[in-house]
Amino acid sequence: MSKGIANAFRIPELRGKILLTVLILLLYRFGAYLPVPGAPFQQMLSAYQNGLAKNGAMAVLNLFSGGALSRMSVFSLGIMPYITAQIIFQMMQSVIPSLGELAKDGESGQRKITQYTRNLTVGLALLNAIGYLFLFKSYGVSFASMEGVPEALENFLVVFTMLVGAIIIMWLGEVITQQGVGNGMSLIIFANIMAGLPTALISSVTTRGNIVLTVVTVVVMLAIIPLIVYIERGQRRIPINYAKRVVGRRMMGGQSTYLPIKVNTAGVVPIIFASAILYLPAQVAVFFPGVEWMQKFATSLSSGWVNWVLSVIFIVFFAYFYTSMVFNPEETADQLKKQGGFIPGVRPGTATSTYIKTVIDRVTLPGAIFMAVLAIVPTIIFWFTGDSLIQAFGGTSVLIMVGVAMDTLSSIESHLKMHNYEGFFK
């Protein structure tokens with residue numbers, strides 16, 4: 001590992017990408033502590049700890065924002081509006097034919113979809129900012145702290161600042177994806193979760209006073225990491241043979257290789273998408289703090305047995321959905337046929353496509369169930385123990401952290417291999 005890191009910094013281009021990524025993440029964490037003008041810092045923390053922290057949905061949203069929501073900072077909205085917009089457009093591509101064709105229209109089509117996603121993100125961020133303003137006001141937080149400035153103007157300033165913060169987060173994530181290493185959206189969530197771990201660890205020891213439970217939780221989660229890595233790197237290899245053919249005076253083909261099908265092709269995306277869907281009602285409910293049935297509905301989707309069942313269903317669904325988005329059996333079969341490749345014992349064309357789809361379906365299911373179980377079990381334990389460390393360092397957090405870390409290392413690995421350097425993985 002140390003040799004791989006040393007090799008990464010020997011390549012000027014890769015060194016610049018890594019330093020840019022680290023700089024952006026540090027800038028993001030600075031924004032998570034920068035208070036919104038006019039927001040009373042102590043009142044915000046008091047309101048959150050005395051009321052909102054008991055709301056499971058708000059606790060998770062605060063976790064994904066790296067604690068920025070509880071401080072009403074510039075980056076209070078976090079990355080969730082951007083993720084929600086991406087989910088909406090990815091699902092719409094399967095429903096609206098014109099969007100589906102646009103997604104297949106190469107780079108120009110992707111640019112248009114990206115612009116639509118940005119526009120929707122701004123709209124969702126504006127709604128969330130207004131909702132959070134009303135929510136904190138309902139808990140007694142006053143935003144009229146500037147002398148001589150009308151309260152309406154202060155409210156506008158708070159909403160506008162959070163909206164601009166969400167736009168900056170979206171831009172930072174895209175800069176990491178395009179010019180840094182790894183996926184910007186995932187890395188921002190990774191940074192937020194990591195930022196909350198020290199606080200959760202201290203709280204688990206001081207508040208509950210159960211050092212044994214804290215140690216056991218940490219040991220169990222660390223022991224699970226190798227299993228997560230094993231599943232993440234697991235793959236089903238379909239043998240591929242290439243027929244011999246004459247090109248000019250040369251004999252081409254005749255080689256044997258394989259088509260790798262990952263057990264967890266979707267990575268941590270299903271968990272992130274499932275969380276965004278389940279906590280969307282909580283984001284809507286902030287507009288109606290006095291409507292009891294809506295608060296109960298949002299809470300039921302955010303915690304308890306309804307949340308557990310729906311989480312499993314959504315994680316499995318998004319595992320299949322995202323895998324179908326990134327891996328098309330028909331296109332793979334057609335490409336193999338054009339290149340003279342075939343699966344032994346399977347006819348080229350439709351039969352090959354059906355075979356690959358069957359393998360994908362069978363391989364995806366255990367990976368999806370594994371993710372769902374690992375995400376839900378710590379949530380159930382937290383429900384009964386109330387230990388904040390289990391919530392912050394639970395299965396979902398560990399899956400996201402390990403998955404993002406592996407994706408980022410794989411991205412660096414590919415750069416190292418291009419320059420003939422030894423990477424991280426043997």
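1. In this predicted model, three strands form an open sheet, in which the order is β4-β1-β5 and the pairing is antiparallel. The strands β4 (256-262) and β5 (341-342) stand at the edges, and each has a single partner strand, so one side of each is left without a neighbour in the sheet. As background for a first reading, strands of a sheet pair through backbone hydrogen bonds, and the pairing may be either parallel or antiparallel.

2. Within this sheet, strand β1 (residues 235-242) runs antiparallel to β4, and the two are joined by seven bridges. To follow the pairing on the structure, one can begin at Arg-236, whose bridge partner in β4 is Ile-261.

3. A second feature to examine is a pair of helices, α6 (residues 80-95) and α8 (residues 106-138), whose axes come within 8 Å and cross at roughly 130 degrees. That angle makes α6 oblique to α8, and the crossing of the two helices is right-handed.

4. Where these helices meet, the residues contributed by α6 include Pro-81, Tyr-82, Ile-88 and Phe-89, while those contributed by α8 include Ile-113, Tyr-116, Leu-120 and Leu-124. Sorted by class, the contact of α6 with α8 has 10 nonpolar and six polar residues, but no charged residues.

5. For the protein chain as a whole, there are 19 helices and five strands, and buried residues make up 48% of its 426 residues. Among the contacts in the chain with a separation of 6 or more, 73% are accounted for by residues 24 or more positions apart.

Key
Residues numbered from 1 in each chain as written. Predicted model: local features only at pLDDT ≥ 70, side-chain atom pairs only at ≥ 80, totals over all residues. Heavy atoms only, no water. Axes fitted to C-alpha atoms, helices over the stretch in contact; angles between N-to-C directions. Helix = DSSP H or I, 4+ residues; strand = E, 2+ residues; numbered from the N terminus. Parallel < 35°, antiparallel > 145°, perpendicular 65-115°, else oblique. Left-handed = near helix turned anticlockwise from the far one by under 90°. Contact = heavy atoms within 4.5 Å. Nonpolar A, V, L, I, M, F, W, Y, C, P; charged D, E, K, R; others polar. Pairing = 2+ DSSP bridges. Buried < 20%, exposed > 50% of the residue type's maximum accessible area, 1.4 Å probe, protein only.
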